[in-house]
Each structure stands twice: as structure tokens, then as C-alpha cells.
Amino acid sequence: MKVPKRLQPLVEDGLVDEVVSQLMSGKEAQVFVVRCGDELRCAKVFKEAKQRSFKQAVAYQEGRKVRNSRRARAMSKKTRYGQREQESAWLNAEVDALYRLAEAGVRVPTPHGFVDGVLLMEMIVDADGDVAPRLDDVELTPELALEYHQRLIGEVVQMLCAGLIHGDLSEFNILVGAEGPVIIDLPQAVDAAGNNNAPWMLVRDVDNLRGYFGRFEPALLKTDYGKEIWALYEAGELHPEVRLTGRFVPDATLVDVSDVMQVIDAAREEAAERQAREQDDDEPAW
């Protein structure tokens, strides 16, 4: 096929020998099958910010660190330079997450380089050597649903042990390769320790898995792995070999709604009294 403009520099530099076909076009990027020597790989070409449809960037970006103080200031002020730097940081987040998770042993596509907004990575294939299907396109037996669910819960645990949460995990960004599920699409990966949204994002990811695999094995619908995993993480007891039960009983001593409401009401009364005093102080003496 004709070489897309964004891939031309990689062809000219010898990183890509041939663009074989377009594999998909999504909300964040276009993915092409390319030949690098004797090996077929994927080239993920990220779209520019104005062309992307992913709108919830702020919740995911909390906790991401920018080492350069000048860049950080520009990004906070949303100048033109700052917007470019914000875009660069957003693109690098997926690349950094991919390398970090691959090193931690999480089953993600092996990265092979990131050049000019193009990520070269392993092409996931099925048992016949064809491009692996999405999980959503695979019909599962109850036994296979249980197996894949267990394996993916293990991957979620490994991700969290590496300090990351996928943030958008579902049957649409999991491929079924020759050796089982492979997690893809990580631009919204969340820093578990630095993002206040991390707990519910982790639970949502796990609940998405429960809902999908529960279609094939209804017994999974009664599990609650997400809250169990997060509770272990918060307690410093989570590790890749942890034995999970799929059950979670909240500690009633940790949250008492009536006490919380009393604190809120007391704070409101105090604020009202303070405001009344300030108004009295502002009134003229005569």
C-alpha cells in the first residue's frame, strides 16, 4: 500500500521496510501492519489532539509528573507551547506505560521504539499466525471464560504492583493471542499512587471484566475482585502471587455516614456563624 505521510520518516530511516496494510483506526490512533526485516510488527500512529475523541484527559493525567519545571509551568498556563508539551506528555504516557508493564511481566505488546509520534510494537497473532481478534469478537465457553478472567485479574494485580492502572480496560482493548489475552491501548494509564481517581478506576476496570466474562459464566457476577485488590494495595499487602477470594466485606468501622454528616453540618453552621460575624463587623458603627 502507499506509505502514509506519518510513516514515511521511518521508512526513510530504515526502521520500517514496508507498510503492508492498515489494521484499524480508532479514537486515539491508526494502526498499520509493517514489515521490519523478516518480522511483521504494528505501527501505531497517534492522532493529533484536535482529531482525537477521547475527552476525559484531566482525570487520567492527575499524578503524572513533568520533570522540566519550565514545561510544567507552560502546561499549567495552557500557552501554545504548553499545549504542545501537554500533547507530547500525553503521547509519551502510553509509551512509558508499555515499557514499564512489559518489564514488569504484564502481557502487553512488546514495544520496539517510539519515533515522531509512531509506536512500533509486537503484532499479536492467533494460533494460525493471523492478526489476533479482540476479546469482544471471540465466543467463549464457561471454562474458557473462567480461565481468561483469572488470568486477566492476575494481569491487573501485576499492573497495580508496577504502580499503574489501565483506566479503560474492557473486552474492546484486550486481544486474544495464541497464548491467551493480551492487554492493549494504554494512553490513559493511571498512576495508582498519585491519582485521586485511582480507586474507582481500578474497580471499574475489574468490574468491566466481571460483567463481560459473566455473560459466559454467571458465577463470576457474584465476585468483587476490584475492591478486594484495592484494599490489599492500600494495606501494602498486594503482590503478584497474592491469593484472592473474589469477596470483599467493607470495614464498617472505617466509614460511619452519620458521623460524616454531623461533621459536614457542624462545618456548615460554623461557616454561617463566621459569615454573620463578618457582616456585623462590616456594618457602620452609627
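Is V131 buried, partly exposed or exposed? In this predicted model, V131 is partly exposed, and its relative accessible area is 36%. The residue sits in a loop, between β5 (118-122) and α5 (142-161). V131 also belongs to a surface patch. Its partners there are L23 and M24. The patch is nonpolar, and the three residues together have about 220 Å² of accessible area.

Confidence was examined next. The mean pLDDT of the chain is 83. A value of 70 or more is reached by 72% of the residues. Over residues 51-56, however, the pLDDT is below 50. This stretch still has 13 contacts in the model beyond near neighbours in sequence. Residues 281-286 also have pLDDT under 50. For residues 281-286, the model has zero contacts beyond four places in sequence.

The cysteines were then checked for bonds. How many disulfides are there? The count comes to zero. A disulfide needs two cysteine sulfur atoms within 2.5 Å. For C36, the closest cysteine sulfur is that of C42, and it lies 10.0 Å away. That is too far, so no bond joins the two. Seen from C42, the closest cysteine sulfur is in C36, again at 10.0 Å and too far for a bond. Both side chains can also be placed by accessibility. C36 is buried, with a relative accessible area of 11%. C42 is buried as well, at 5% relative accessibility.

Two further residues show how parts of the chain meet. N92 is found in helix α4, which covers residues 80-103. N92 is partly exposed, and its relative accessible area is 27%. Along the chain, N92 and P187 are 95 residues apart. In space, their C-alpha atoms are separated by 8.2 Å.

D224 gives a second case. Where does D224 lie? It lies in the loop between α6 (198-213) and α7 (225-234). Although D224 is in a loop, the residue is buried, with a relative accessible area of 16%. The cut-off for buried is under 20%, so D224 falls within that class. Which residues does D224 contact, leaving aside its neighbours within four places in sequence? The contacts are R210, G246, R247 and F248. Of these, R210 falls within the residue range of α6 (198-213).

Key
Residues are numbered from 1 along each chain as its sequence is written. This is a predicted model: local features need pLDDT of at least 70, side-chain atom pairs count only at pLDDT 80 or more; totals for chains, interfaces and linings use all residues. Side-chain values use heavy atoms; hydrogens and water are left out. Patches are made of residues with over 30% relative accessible area and no salt bridge: like charges are joined within 9 Å, nonpolar side chains (Val, Leu, Ile, Met, Phe, Trp, Tyr) within 5 Å. Accessible areas come from the Shrake-Rupley method with a 1.4 Å probe; for residues, only the protein chains shown count as cover. A salt bridge is a side-chain nitrogen of Lys or Arg within 4 Å of a carboxyl oxygen of Asp or Glu. Helices (H or I, at least four residues) and strands (E, at least two) are DSSP runs, numbered from the N terminus. Buried means under 20% relative accessible area, exposed over 50%, partly exposed in between (1.4 Å probe, protein chains only). pLDDT is the predictor's confidence in each residue, from 0 to 100. Contact means heavy atoms within 4.5 Å.
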